[in-house]
Amino acid sequence: MPGGGFSASVPPAGVEFEAKITPIVIVSCIMAATGGLMFGYDVGVSGGVTAMPHFLKKFFPVVYRRTQQGDDSNYCKYDNQGLQLFTSSLYLAGLTATFFASYTTRRLGRRLTMLIAGIFFIAGVAFNVAAQNLAMLIVGRILLGCGVGFANQAVPLFLSEIAPTRIRGGLNILFQLNVTIGILFANLVNYGTSHIKSQWGWRISLGLAGIPAALLTVGSLLVTDTPNSLIERGRFEEGKAVLRKIRGTDKIEPEFLELVEASRIAKEVKHPFRNLLKRRNRPQLVIAVALQIFQQCTGINAIMFYAPVLFKTLGFGGSASLYSTVITGAVNVLSTLVSIYSVDKVGRRMLLLEAGIQMFLSQTDHSEDLHTGFAVLVVIMICTFISAFAWSWGPLGWLIPSETFPLETRSAGQSVTVCVNLLFTFVIAQAFLSMLCHFKFGIFLFFSGWVLIMSCFVFFLLPETKNVPIEEMTERVWKQHWLWKNFMVDDGFDDDEPKKNGHRNGFDPVSQL
Ligand code: BGC
């Protein structure tokens with residue numbers, strides 16, 4: 001354990017603190033649900049909306065005219081930078097906003113950051129519902145993106161801090177479950193509104209995002225901040241009272257002291273982002289960044305954003321394509337449950353490797369013969385692909401970075417994770433329709449190449465973190481790995497270093513001699 005004023009009473013790492021599952025913890029789960037729902041709804045809604053004729057006619061008349069001309073090349077009729085910007089501007093705004101959010105989560109707390117996210121969301125929805133021109137539409141998407149940047153930074157932090165240790169993993173994937181429910185909800189709404197033969201169809205689709213947005217805003221007004229955040233900002237007594245309330249017990253002294261100690265160490269690190277670049281943090285950083293790039297290079301969002309467009313390209317009718325999107329959305333939700341059930345039993349590596357094989361096989365058929373019988377087979381292949389993603393790269397892309405960083409770099413690590421994720425989401429969203437236009441169905445060959453690379457990465461470089469207490473990762477995971485153990489060497493103290501028993505991270509150089 002770290003040294004310092006409180007170290008004598010601080011319990012050893014990995015000790016389970018006394019905690020009940022209290023109503024306030026349940027309210028926190030609902031919070032996560034609304035944050036995740038909002039993100040998921042934004043991911044799911046744009047594809048259906050961009051397939052609606054009234055929407056295209058108003059904002060993208062060039063694309064609309066192309067969709068009306070039967071003889072135009074199928075693969076290229078949606079290739080339009082403005083149309084892709086409608087989808088991707090949200091992610092560009094989100095990846096920038098996440099760095100501001102890392103400041104507000106530290107200085108103003110998790111709760112206020114979630115409130116800011118909720119307000120951004122409401123403003124974004126208002127612009128979208130009322131949009132009269134492309135500029136209003138894009139401003140709305142940018143505001144929603146700021147909401148995503150703030151919410152995806154604060155909600156997972158809020159959750160892992162408020163959750164009792166023994167259900168923290170489950171709660172983490174619960175966030176992803178709600179992302180998938182948000183996507184499905186958006187798909188259902190799009191399916192319903194596509195039957196409305198006026199501009200109200202797309203306006204309702206975009207407007208219903210107001211429900212999760214309002215829930216997040218009201219929810220963040222009702223909950224208290226986390227004890228970690230209160231203590232970090234010097235509000236010790238308040239932090240202690242909150243800890244007692246959320247744990248449902250008076251025996252909170254050991255956890256309280258650990259939080260005080262953790263916040264002391266975190267405060268010693270003046271430049272969390274510079275600290276992240278130190279050699280001994282390299283393995284976690286490489287893995288967090290690689291996992292985000294790989295998650296997006298599975299090609300999942302090509303399907304999530306553009307499924308209706310994709311199905312239309314394949315020759316499905318308008319509502320048949322939305323109907324198929326609803327099926328894929330449901331597969332996504334149900335398969336995430338598999339992950340919640342099995343992640344702590346079979347482990348992270350097993351899920352990722354199995355899914356790699358499943359995704360590779362489902363992407364390899366890239367025939368250009370798009371008659372209806374074949375199209376049904378494509379839907380089955382897409383469902384096979386989505387289910388594999390939903391129990392592997394979807395939830396684990398978020399879970400693994402959150403559990404491998406040491407405490408003092410965890411929040412900076414989270415910012416980098418969110419930023420890289422949204423950056424690559426943006427790249428895929430912006431490029432996919434052009435890639436579809438140029439590569440045709442060979443595009444799935446491109447994604448299956450990536451699946452091969454990421455599976456090799458998992459096989460050789462990703463250590464198993466199942467059932468390892470979060471504060472024991474250095475000793476039990478990184479120092480045992482054939483490659484990463486070489487990075488676990490001391491690279492000198494400086495003013496920016498937290499000192500633990502004279503050695504950082506509990507690392508003892510003498511034992512390495
Ligand atoms: C990814 C999103 C994706 C979603 C699909 C998430 O884990 O970060 O980009 O759209 O899963 O379910």
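**Ligand shell in a helical protein**

Of the 513 residues of this protein, 58% count as buried, meaning under 20% relative accessible area with a 1.4 Å probe and protein chains only. Keep in mind that this is a predicted model: local features need pLDDT of at least 70, side-chain atom pairs count only at pLDDT 80 or more, and totals for chains, interfaces and linings use all residues. Residues are numbered from 1 along each chain as its sequence is written, and side-chain values use heavy atoms, with hydrogens and water left out.

The fold first. We have 22 helices and zero strands; these are DSSP runs, H or I of at least four residues for helices, E of at least two for strands, numbered from the N terminus. Take contacts (heavy atoms within 4.5 Å) between residues at least 6 apart in sequence: 79% join residues at least 24 apart.

Now the ligand. There are 13 residues around it, each with a heavy atom within 4 Å. Nearest come Gln176, Gln295, Asn301, Asn332 and Trp398. Which helix gives the most to the shell? Helix 7, with three residues. Helix 7 (168-193), helix 14 (282-297), helix 15 (300-313) and helix 19 (393-404) each supply at least two. By type, the shell has five nonpolar residues, eight polar and no charged.

Next, polar contacts, which are N or O pairs within 3.5 Å. Side-chain atoms of Asn301 and Gln176 lie 2.6 Å and 2.8 Å from a ligand oxygen, respectively. For Gln296, the side-chain distance to a ligand oxygen is 3.1 Å. Alone, the ligand exposes 310 Å², and the protein buries 100% of that, by Shrake-Rupley with a 1.4 Å probe.

Terms used. Polar contact = N/O pair within 3.5 Å; in protein donor to acceptor, adjacent residues only side chain to side chain. Nonpolar A, V, L, I, M, F, W, Y, C, P; charged D, E, K, R; others polar. Buried < 20%, exposed > 50% of the residue type's maximum accessible area, 1.4 Å probe, protein only.
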